[in-house]
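Biologist: Please take a close look at the cysteines and the sheet, and then follow the helices around them. How many disulfides does the count come to?

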Amino acid sequence: MDISGLKENHPQHWKNAAALRILAADAVHAAASGHQGMPIGMADVAAVLFEKHLKFDASNPDWPDRDRFVLSAGHGSMLLYGLLHLTGYQDMTIEQIRNFRQWGAKTAGHPEYGHAKGIETTTGPLGQGIANAVGMAMAEQALAARFNRKLVDHHTYVIAGDGCLMEGVSHEAIGLAGKQKLGKLIVLWDDNNISIDGTIDISDVTDQKKRFKAAGWSVFECDGHDPDAIDAALTAAKANRLPSMIACKTTIALGVDGVADTSKGHGYAIKDAQLAQMREFYDWPYPAFEIPGDVKSAWEAIGSRGAETRAAWEEVLAEQSERRQAEFARVQAGIPHKRLSAVVKQLKRRISEEQPQKATRQSSQMALEVINPIMKETIGGSADLTGSNNTLTAELGTFEPNNRNGRHVSYGIREHGMAAAMNGMVLHGGIRPYGGTFMCFTDYARPSMRLAALMQIPTVFVMTHDSIGLGEDGPTHQPVEHLAISRATPNTWVFRPADGVETAETWELAFSSQSTPSVLSLTRQGLRTVRTKHMNRNLTAQGAYVLAEADGKRQAILLATGSEVEIALDAKTKLEAQGIGTRVVSMPCWELFEAQEESYRRKVLPGGPVRVGIEAAMRFGWDKWLTGERGKSNKADFVGMDSFGASAPAGELYANFGITADAVAEKVKNLL
């Protein structure tokens, strides 16, 4: 690369990119932590992308038809923060840049969704960004099919590094994008041949270009420091009908003596002496955090370049019928359909009257059968377990390249990629995704489930076959610790409904949530209807409630979830026959119960009676309700699992592991 020629032939680009580089170096130096090398190495690519290709308006960062830009290599967060500040995003001030990585700043060590406009997703866990972007590109295609290309027509761009491409989720995401032929998805690979431990060849021999081609992508290459070559590659990728990967050959920490093109360039290695040398190299005589007027003006012009396009789009939106405008606004805002509550109430009444015995996975499908027709923003899917997860309803059709109106995705055996893509759909806006797998495979989806909670987005994770009740598949497939793992995650609603009524209520809550993801723990085995008296009120919204009151003096309270609620009711019958007044409390969602007023919790769980918790899972977490909330350790016990399961029919497993009405009754009598 001819640096002198680059300066001479592209003077304004040189200055614009230098501003990004110096800001990154200064901010990391001020924080004494962070990652300078990637922002410095990819500054040329980012500058060309924002100046000549990215459709956005810094004055209106939430414009629905903007291009999405995802920094998958989130450790290089100062590249994104620098771009937002320079282009004129109002909340990304120079003070935020100065306070990089400090308490209360919007400029966290890794980009965090919701902290500042223009941060489209939380990245940092490598590979998540590229997988989110696949979901964003799918959302764009689905919404374009529904509302037309005049309203929805934009690209999704990703900057990803070697680390992103080594993570397993990237393989799932790349394969899914290739299968779906997401032609408006463009990944810019920072091909710098460096990771923290050294050059890439110490850990990997993958030919990434061949890998992407094999997955159905188009692949382009460019010198990542030549603005003309970068522009040409982006232009070619945009004209392509397949997802595109552009291999941008770059030098990490370009221009910094002793650091460039080495693993030292990844982290905080550019200090006082190197900063001075770097300023000389980039012809930057200005003090830390000072941007000269001509450079800031040039960047702000880039930030306002899309204003005219955005205004024209708003005119097109205004030309749509009032009904169409209202529906577009509703789904973009994530507001549930006004009829959601009504159709759920109708279904609840029917279930209470007919009292079917169904697995809650089947009850879930019943709920979706009445919800999906009115909430056309839903996109379901399954990780190759559609018939088991019961996520497909009659009218959905399959989302695929020749049917973007389809609303059910065949994700294949890609639990992690599915979860990350669903997060991307929510982040994009206009889509309510849900996707299913077996409960034990939350292990595979876990990183994206955690990020949904962290980002405060309402993704719905449908997890069926939720206990030893799945039977013969054995302990590899029988979750015993997974409920506790999900419940331990902040800002997560974990629902374990006991019958069709609670399942319908669960779906109403999940699709009404604005900022909390939902985990639906659903059974393989059939359960009898326990809510036999219809009530309009959504009792699951209270988290826990009295399902059956003691016939006489209350001496015991049985607390249960899901498939074990009917066991609690059977135990109550046995205890009442022996003169022991027993209340049964159904606890479909601990988190919602914990959020209730203390006065309500006291009514449900008063002090005095003995308590027994019943759940075909580990006890971990149960003592909050058994010995806390006015309970006492010498008056509480638990019936559930204390080991992994086994391979046998479900009935035998429950009997052999002691999760029976007789065992519950015996625990109560022993406590008394």
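Modeller: The count comes to zero disulfides, a disulfide being a pair of cysteine sulfur atoms within 2.5 Å. This is a predicted model, in which local features need pLDDT of at least 70 and side-chain atom pairs count only at pLDDT 80 or more, while totals for chains, interfaces and linings use all residues. Residues are numbered from 1 along each chain as its sequence is written, and side-chain values use heavy atoms, with hydrogens and water left out.

For Cys222, the closest cysteine sulfur belongs to Cys248 and lies 3.9 Å away, which is too far for a bond. Cys248 also holds the closest cysteine sulfur to that of Cys164, but at 13 Å, again too far for a bond. Both residues are buried (under 20% relative accessible area; over 50% is exposed and the range in between partly exposed, with a 1.4 Å probe and protein chains only): Cys164 has a relative accessibility of 1%, and Cys222 has 9%.

The sheet is open and consists of five strands in the order 1-2-3-7-6, with parallel pairing. Strands (E, at least two residues) and helices (H or I, at least four) are DSSP runs numbered from the N terminus, and two strands pair if DSSP finds at least two bridges between them. Strand 1 (68–71) and strand 6 (218–223) form the edges; each has a single partner strand, so one side of each lacks a neighbour in the sheet. On average, neighbouring strands are turned by 20 degrees against each other, direction ignored. Within the sheet, strand 3 (residues 185–191) and strand 7 (residues 244–249) pair in the parallel sense over six bridges, and Trp189 has Ala247 in strand 7 as its bridge partner. Helix 11 (residues 227–238) packs on this sheet, touching strand 2 (156–160), strand 3, strand 6 and strand 7, and its direction makes about 170 degrees with that of strand 6. Contact here means heavy atoms within 4.5 Å; axes are lines fitted to C-alpha atoms, for helices over the stretch in contact, and angles run from 0 to 180 degrees between N-to-C directions.

Among the other helices, helix 2 (residues 11–31) and helix 13 (residues 293–304) have axes that come within 10 Å and cross at roughly 95 degrees. The two are therefore roughly perpendicular (65 to 115 degrees; under 35 counts as roughly parallel, over 145 as roughly antiparallel and the rest as oblique). Gln12, Lys15, Asn16, Ala19 and Leu20 of helix 2 meet Asp294, Val295, Ala298, Trp299 and Ile302 of helix 13. Helix 2 also serves, with helix 3 (37–41), as a packing partner for the buried residues of helix 12. In helix 12 (residues 272–281), Leu275, Gln277, Met278 and Arg279 are buried. Just after helix 12, Asp283 takes a positive phi of about 55 degrees.

Two further buried positions complete the view. Gly175 lies in helix 9 (residues 168–180) and has a relative accessible area of 17%. Beyond residues up to four places away in sequence, Gly175 touches Ala215 and Arg414. His416, in helix 19 (residues 415–428), is buried at 13%. Its contacts, leaving aside neighbours within four places in sequence, include Val169, Glu172 and Tyr444.
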